[in-house]
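Work through the exercises below with the model open beside you. Try each task before you read its solution.

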Amino acid sequence: MTFSYRERLFCPGPTPIPGGISEKLSRDTYHRQQEFVNVFQQCRNKLARLAGGDEPIILCCSGTGAMEAVVVNFTTPDAQVLVINGGKFGERFVKLAEIYSCKVIDYPVPWGQSPDLQDLDRVLATSNPLTAFFIQANETSTAVSYPLPEIARLVRRHHPDCLIIVDAVSSFIAEELQITDWNLDCVVSASQKALGLPPGLAFVFLSKRAKKLLLTNDKRPCAYFDLQEELLYQDKSGPRFTPATGLILALNEVLDRLLAIGNAELVRRHQLLAKACRAALTRLELELFAKNNPSNALTSVILPSSLPARAIRDYLWQQYQLQFAGGQSKETQQMLRIAHLGFNDIFDLISALSGLELALTHFQHSFSIGSGVEAALQIFTKCQEVH
Ligand SMILES: *Cc1c(COP(=O)(O)O)cnc(C)c1O
């Protein structure tokens, strides 16, 4: 017997769009209307409150567009930069910095791990003065979360004037973020991860120091992604060019819901889902890929060679309309990544785990059916007792 299933997304972006948002996305709007400009500014203000920093520049592009914008605007040719490279997104910063002719120290971190702080300390102590330091908050390709405040302190100790530039696309809201308190200079995020919106908006948060540099330093010529122009314009009035109006209206609504939950509680919820997911996968006799510092946003697991990872993902989609993500490199072809991000809740995770157990049974993995779901429920039960 076959049922028809709802499509359910467990990939690390795009994530499910919460109810009541879709109408906003398709509303007719003129972006020069005062009412819309007010909404635009409210969005910037609410984003600042979620990030512990100043109002961001809102751009209309995916996360990578914002990553490119910050490389273009905050480096010059031959600028000395260091990039923490522990996965696909670290690699992306390396490539961007190289395309724009920076002198790149590519600091390798084995996939699945976070930087060895003693070694990083040594490299920072001996490197030439850095213009910028690039890092992910969450390396989504491995599901590792990096200890940002500690790392920012190390960078600051050896390179007081260096810009600390953080890709927080997948960590935003799922992990704690305090831009001002942690002394970060530039933090990038996007709409399609924990904010539960379609792709198309990106955010660039800047410290006072970064803003001053942007407004006074010579920089590369650029047009659409000129952050200096964009900051002046957005601070003074509204968006410089026609923005994705529907996304902005939807963003304003989503931000209200998130702020009503509160920063600390949002992180706790993500933490709980992550913990339950790890407990379930471990009980299913699967090997967690991120042994230390696992992310709150998603969990990565390596399947044994007896299980065909690609076929299992295809089966989950074709049979049950459950979308998981795979690995992002040759070495991680046996990886499954399960996101528990944004508006995904306890019962969404239970659906994902149930589907996975059915698929594992189909592919003759040996485990006791229901044990993964049971492990997750035990974590949820314990947390209810605490409350
Ligand atoms: C999703 C993601 C991005 C952005 O990717 P786009 O496809 O350009 O939106 C950047 N960095 C990380 C860590 C991500 O998870």
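**Exercise 1: The ligand site**

A polar side-chain atom of Lys193 sits 2.7 Å from an oxygen atom of the ligand. The model is a predicted one.

Task: Starting from Lys193, describe the polar contacts and the shell around the ligand.

Solution.

Step 1. Look for further polar contacts. Gln192 also places a polar side-chain atom 2.7 Å from a ligand oxygen. In the side chain of Ser62, an N or O atom is 2.5 Å from an oxygen atom of the ligand. The cut-off for a polar contact is 3.5 Å.

Step 2. Check how much of the ligand is covered. On its own, the ligand has 380 Å² of accessible area, and the protein covers 87% of that.

Step 3. Assign the shell to elements. Two or more residues each come from α3 (63-74) and α4 (88-99). The largest share belongs to α3, with 3 residues.

Step 4. List the shell. The ligand is surrounded by 13 residues. Ser62, Thr64, Thr140, Asp167 and Lys193 are the closest.

Step 5. Sort the shell by class. There are 7 polar residues, 3 charged ones and 3 nonpolar ones.

**Exercise 2: The sheet of 7 strands**

Task: Give the strand order of the sheet with 7 strands, then find its edges and the helix α8 that packs on it.

Solution.

Step 1. Trace the order. The strands run β2-β10-β9-β8-β5-β3-β4. The sheet is open, and its pairing is mixed.

Step 2. Mark the edges. These are β2 (57-59) and β4 (103-108), each of which pairs on one side only.

Step 3. Take the angle between neighbours. Direction ignored, neighbouring strands are turned by 20 degrees against each other on average.

Step 4. Place the helix. Helix α8 (residues 227-236) packs on this sheet and touches β2 and β10 (202-206). The direction of α8 makes about 115 degrees with that of β2.

Step 5. Examine one strand pair. β8 (residues 163-167) and β9 (residues 186-190) are parallel, with 3 bridges between them. Asp167 has Val188 of β9 as its bridge partner. Asp167 is also among the closest residues to the ligand.

**Exercise 3: The sheet of 4 strands**

Task: Which strands stand at the edges of the sheet of 4 strands, and what does that leave on one side of each?

Solution.

Step 1. Write the order: β11-β12-β15-β14, an open sheet with antiparallel pairing.

Step 2. Read off the ends. β11 (287-288) and β14 (325-326) are the edge strands. Each has a single partner strand, so one side of each has no neighbour in the sheet.

Step 3. Check one pair. β14 and β15 (residues 335-339) run antiparallel and are joined by 2 bridges. Gly326 has Leu336 of β15 as its bridge partner.

**Exercise 4: Backbone exceptions**

Task: Where in the chain do Pro14, Gln321 and Gln364 lie, and what marks the backbone at each?

Solution.

Step 1. Recall the background. Most peptide bonds are trans, and most residues other than glycine have a negative phi.

Step 2. Inspect Pro14. The peptide bond between Gly13 and Pro14 is cis, with omega about -10 degrees. Pro14 belongs to the loop between β1 (8-9) and α1 (22-25).

Step 3. Inspect Gln321. Its phi is positive, about 60 degrees, although Gln321 is not a glycine. Gln321 lies in the loop between α11 (309-320) and β13 (322-323).

Step 4. Inspect Gln364. Its phi is also positive, near 60 degrees. Gln364 lies in the loop between α12 (346-362) and α13 (371-386).

Methods
Residues are numbered from 1 along each chain as its sequence is written. This is a predicted model: local features need pLDDT of at least 70, side-chain atom pairs count only at pLDDT 80 or more; totals for chains, interfaces and linings use all residues. Side-chain values use heavy atoms; hydrogens and water are left out. Two strands pair if DSSP finds at least two bridges between them. Axes are lines fitted to C-alpha atoms, for helices over the stretch in contact, and angles run from 0 to 180 degrees between N-to-C directions. Contact means heavy atoms within 4.5 Å. A residue is near a molecule or strand if one of its heavy atoms lies within 4 Å of it. A polar contact is a pair of N or O atoms within 3.5 Å; within protein, one must be able to donate a hydrogen and the other to accept it, and residues adjacent in sequence count only if both atoms are side-chain atoms. Accessible areas come from the Shrake-Rupley method with a 1.4 Å probe; for residues, only the protein chains shown count as cover. Ala, Val, Leu, Ile, Met, Phe, Trp, Tyr, Cys and Pro count as nonpolar, Asp, Glu, Lys and Arg as charged, and the others, Gly among them, as polar.
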